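User: I have a model open and I'd like some help reading it. Could we start with how far to trust it?

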Amino acid sequence: MALLEVDDLRTYFKTRAGEVHAVDGVSFTLEERKTLGIVGESGSGKSVTVLSIMGLVQSPGRVVAGSVRFQGQELTTMKDRQLEDLRGDRIGMIFQDPMTSLNPTLTIGTQITETLRRHRDLSRQQARKRAIELLEEVHIPKAASRLDDYPHRYSGGMRQRVMIAIAISCDPKLLIADEPTTALDVTVQAGILDLLEELREEHDMGMIIITHNMGVVAEAADDIAVMYAGQIVEQATALDLFDRPEHPYTEALLGALPTLEGDARHARLTTIPGRPPDLIAPPEACRFAPRCKYAGMDDCNVVAPELREIRPGHWVRSAHPASERVAEALVTS
Amino acid sequence: MSEQIGTSNAAEAVQTESSTASRTGEPLLVVQNLTKHFPVKKGFLIDRTVDHVKAVDDVSFEIREGETLGLVGESGSGKSTTGYCILQLLKATSGSVRFQGEELTKLRREALRSMRREMQIVFQDPYASLNPRMTIGDIVGEPLTVHGLGTRQRRRRTVEELLEVVGFNPEFINRYPHEFSGGQRQRIGIARALALNPRLIICDEPVSALDVSIQAQILNLLKDLQQEFFLSYLFIAHDLAVVKGMSDRIAVMNLGKIVEIGPADDVYTRPKNEYTKALLAAVPVPDPRRMRERKAERRKHKHALVESL
């Protein structure tokens with residue numbers, strides 16, 4: 001049994017201008033002890049996908065269809081109370097901004113023990129002891145003496161370590177990290193990514209990392225899903241996705257990245273013309289077609305492509321994936 | 001530390017160009033021993049200065065015409081403060097900033113104002129740096145109005161041309177910033193910086209708020225404009241890959257000091273400073289295979305970094 005199975009998840013937001021299809025038919029499976037990276041640009045639906053999984057979508061948003069099974073248990077129909085028991089216990093979460101996700105008026109110790117005591121029957125003393133162990137586990141020096149400090153005494157990287165300590169406090173089986181390193185400097189980011197990898201191994205956790213940074217998923221994820229306009233457009237193992245990207249969007253995204261090497265001084269970066277579609281009335285066709293250089297006279301603007309397995313383990317939602325374009329070119333020549 | 005001066009092709013190519021600065025043989029901008037200290041104050045009602053933060057600490061570099069100097073470093077390293085001190089938006093504690101042969105730190109207000117026509121800035125956040133109550137046309141044309149250049153009609157025509165140059169539809173001249181996306185707003189910010197036909201533009205994290213595909217458009221635009229208008233850039237950013245692609249030479253800042261400066265390729269392929277090595281090793285690259293060796297490399301240089309508490 002997979003750790004997490006998401007099937008045809010749809011989350012819409014009612015607005016005055018119409019219904020925004022923020023997440024529109026997302027499906028994936030996460031095996032135990034694996035890390036799935038979800039990448040995409042702003043507005044692609046990455047964060048709403050995980051909020052939907054956790055049952056944290058708030059009005060005017062609503063999960064309108066689909067199923068989320070965690071360890072075989074259906075979450076979309078679960079009562080709020082049961083979900084609350086699950087969140088922070090068997091599913092841990094880390095959010096983007098460590099500066100705002102801790103309460104500035106409570107000590108670090110209080111905030112860690114809060115989660116512990118909500119889910120575990122621990123005395124104040126026991127919870128404190130466990131909190132120190134947790135801070136040590138996320139490599140905060142002199143943990144015991146830092147427990148009664150307020151968040152403003154901690155740097156951004158250290159606050160994110162505290163957030164991680166809270167997230168793993170009840171030994172979750174699934175850890176969801178939404179842009180865990182976006183607000184941090186690269187050197188601090190490296191430390192946080194190392195820590196997440198270490199904890200995943202020690203705690204046998206499955207992990208979902210959401211990010212807009214291709215470098216971060218390349219480092220941290222076993223499998224990668226690329227999202228565009230509310231849908232997964234490509235999914236594969238990290239190695240296969242970077243070696244042989246299939247979807248024109250993924251290719252363009254990788255081409256648009258400046259790199260550390262190569263003489264790029266007078267070179268131009270590949271750009272993607274246009275903008276993502278309006279998700280209030282998403283086209284009943286390929287959502288990338290208006291910006292795609294391979295969308296021709298054919299069905300691209302009429303038929304919505306399905307997510308299909310182009311080779312074992314590599315899924316793509318496009319009528320013109322890279323390997324088929326190569327094959328076509330061979331035939332016509 | 002490798003202090004390399006003007007070895008880039010672009011810089012050599014412009015040497016022949018006739019201008020006041022290059023006639024005297026001096027680069028466009030010369031910054032020497034620039035220092036900016038901020039006082040740390042304590043006390044209630046009566047403040048006393050208990051210490052100083054050395055935000056910029058004895059920084060020296062120069063920028064030649066047509067050249068881009070990349071300035072990289074992590075948050076708090078003093079990159080932006082350096083930029084502000086050059087523009088005299090902040091008063092330097094000590095040191096000298098010479099622009100086109102003229103010492104800026106000693107200029108009086110009026111002289112400084114006319115000097116500012118030659119130096120402009122593009123800010124990081126396109127959502128905060130445009131006045132929401134002004135139209136696009138007023139925003140882009142404001143520098144012209146401030147300096148009293150041209151007639152109303154003439155200014156309007158200039159604004160339309162500027163919008164066209166940055167790839168923005170001039171028909172939107174009467175619209176407001178909120179109607180546009182981050183990338184489009186950054187184009188407006190760039191058009192405003194270009195309005196007075198400056199020689200030097202300080203780009204302070206111009207793409208860090210943008211998505212990858214939009215970021216590429218803006219970077220390409222900045223490169224095109226540099227060629228077209230023969231601009232010099234001080235390109236400030238924390239993203240090492242972005243800086244690499246934009247710069248002839250690169251300066252790495254840490255804790256207020258420039259720890260390494262040299263041609264872009266040298267700094268990135270053969271870094272000499274321990275901090276530069278650690279910084280480069282920390283960048284995650286979009287290549288899962290190479291990430292493994294990079295992780296090992298990264299751990300080797302960990303000692304050069306002090307993660308603050």
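Analyst: The mean pLDDT of chain B, where pLDDT is the predictor's confidence in each residue from 0 to 100, is 88, and 91% of its residues reach 70 or more. This is a predicted model, in which local features need pLDDT of at least 70 and side-chain atom pairs count only at pLDDT 80 or more, while totals for chains, interfaces and linings use all residues. Residues are numbered from 1 along each chain as its sequence is written, and chains are lettered from A and ligands numbered from 1 in the order in which they are written.

User: Where in chain B does pLDDT stay under 50?

Analyst: That happens over residues 1-23 of chain B.

User: And what are the ipTM and pTM of the complex?

Analyst: The predictor gives an ipTM of 0.87 and a pTM of 0.88.

User: Ok, new topic: how many residues of chain B are in contact with chain A?

Analyst: Counting two residues as in contact if their C-beta atoms, placed from the backbone, lie within 7 Å, 36 residues of chain B are in contact with 39 residues of chain A.

User: Which helix gives the largest share of that side of chain B?

Analyst: H8(B) does, with seven residues; helices here are DSSP runs of H or I with at least four residues, numbered from the N terminus.

User: What is the radius of gyration of chain B?

Analyst: Taken over C-alpha atoms, it is 20 Å, which agrees with the value near 19 Å that a compact globule of 309 residues would have, by a rule of 2.2 Å times the number of residues to the power 0.38.

Notes
Helices (H or I, at least four residues) and strands (E, at least two) are DSSP runs, numbered from the N terminus.
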